[in-house]
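The following exercises are to be worked with the sequence and the structure at hand. Each task is followed by a solution in steps.

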Amino acid sequence: MINFNSDNAKLISSKDVYLGGANCPTYHYEYECPCKKGKVIYERVPGFNDDYAQIKCSNCAKKYDIRYGCGHAWELIEKW
């Protein structure tokens with residue numbers, strides 16, 4: 001069982017991105033993946049409750065799926 005989530009993942013970088021003349025930024029976070037060879041990307045658009053996470057590591061993408069929780073929480077779970 002893996003314990004890798006938005007609370008304990010190592011943050012590599014974060015930035016605010018303004019897309020297409022928007023008044024509010026898209027928050028872009030990059031976390032180190034469990035095998036440390038790639039990243040987990042998380043983006044959030046305030047005001048729209050729109051969240052998105054993506055595994056950017058071929059090794060971890062084969063092993064894990066992303067599950068969303070309450071608020072802006074996410075975690076990696078092992079695939080069946």
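**Exercise 1. Overall description**

Task: Determine what percentage of the residues of the chain count as buried, and in what order its elements run from the N terminus.

Solution. Of the chain's 80 residues, 29% count as buried. The model is a predicted one, which makes confidence the next step. Mean pLDDT for the chain is 85, and 92% of the residues reach 70 or more. Among the elements, helix H1 (residues 58–63) has the highest mean pLDDT, 95, whereas strand S1 (residues 4–5) has the lowest, 79. The chain holds one helix and seven strands, and from the N terminus these follow the order β-β-β-β-β-α-β-β. The C-alpha trace spans about 40 × 25 × 20 Å along its principal axes. Of the contacts between residues at least 6 apart in sequence, 24% join residues at least 24 apart.

**Exercise 2. The four-stranded sheet**

Task: Establish in which order the four strands of the open sheet are arranged, and which strands stand at its edges.

Solution. The order is S2-S3-S4-S5, with antiparallel pairing. Strand S2 (11–17) and S5 each have a single partner strand, so one side of each is left without a neighbour in the sheet; these two are the edge strands. On average, neighbouring strands of this sheet are turned by 15 degrees against each other, direction ignored. For the pair S3 and S4, the antiparallel connection consists of six bridges. Within the sheet, Glu 30 stands opposite Ile 41 in S4.

**Exercise 3. The nonpolar core and Val 40**

Task: Identify which residues have the most contacts inside the largest nonpolar core, and list what Val 40 touches beyond its neighbours within four places in sequence.

Solution. The largest nonpolar core comprises 14 residues, and Phe 4, Val 40, Trp 74 and Leu 76 have the most contacts inside it. Strands S4 (39–45), S5 (50–56) and S7 (74–78) each supply at least two residues of this core. Turning to Val 40, and setting aside neighbours within four places, its contacts are Phe 4, Tyr 29, Glu 30, Tyr 31, Cys 33, Gln 54, Trp 74 and Leu 76. As a further step, consider Lys 62, which is found in helix H1. Lys 62 and Val 40 are 22 residues apart in sequence, and their C-alpha atoms are 13 Å apart in space. Lys 62 is exposed, with a relative accessible area of 66%.

**Exercise 4. Cysteines**

Task: State how many disulfides a search of the whole structure finds, and explain why the sulfur of Cys 57 is not bonded to the closest cysteine sulfur.

Solution. The search finds zero disulfides. The cut-off needed here is 2.5 Å between two cysteine sulfur atoms. The closest cysteine sulfur to that of Cys 57 belongs to Cys 35 and lies 3.5 Å away, which is too far for a bond. For Cys 60 the closest cysteine sulfur is likewise in Cys 35, at 3.6 Å, again too far for a bond. As to accessibility, Cys 57 is buried, with a relative accessible area of 8%. Cys 60 is buried as well, with a value of 2%.

**Exercise 5. Lys 36**

Task: Decide where Lys 36 lies, and whether Lys 36 is buried or exposed.

Solution. Lys 36 lies in the loop between strand S3 (26–32) and S4. Its relative accessible area is 58%, and Lys 36 is therefore exposed. Its phi is near 65 degrees, a positive value in a residue other than glycine.

Conventions. Residues are numbered from 1 along each chain as its sequence is written. This is a predicted model: local features need pLDDT of at least 70, side-chain atom pairs count only at pLDDT 80 or more; totals for chains, interfaces and linings use all residues. Side-chain values use heavy atoms; hydrogens and water are left out. pLDDT is the predictor's confidence in each residue, from 0 to 100. Buried means under 20% relative accessible area, exposed over 50%, partly exposed in between (1.4 Å probe, protein chains only). A nonpolar core is a set of buried Ala, Val, Leu, Ile, Met, Phe, Trp, Tyr and Cys residues joined through side-chain atoms within 4.5 Å. Contact means heavy atoms within 4.5 Å. Two strands pair if DSSP finds at least two bridges between them. Axes are lines fitted to C-alpha atoms, for helices over the stretch in contact, and angles run from 0 to 180 degrees between N-to-C directions.
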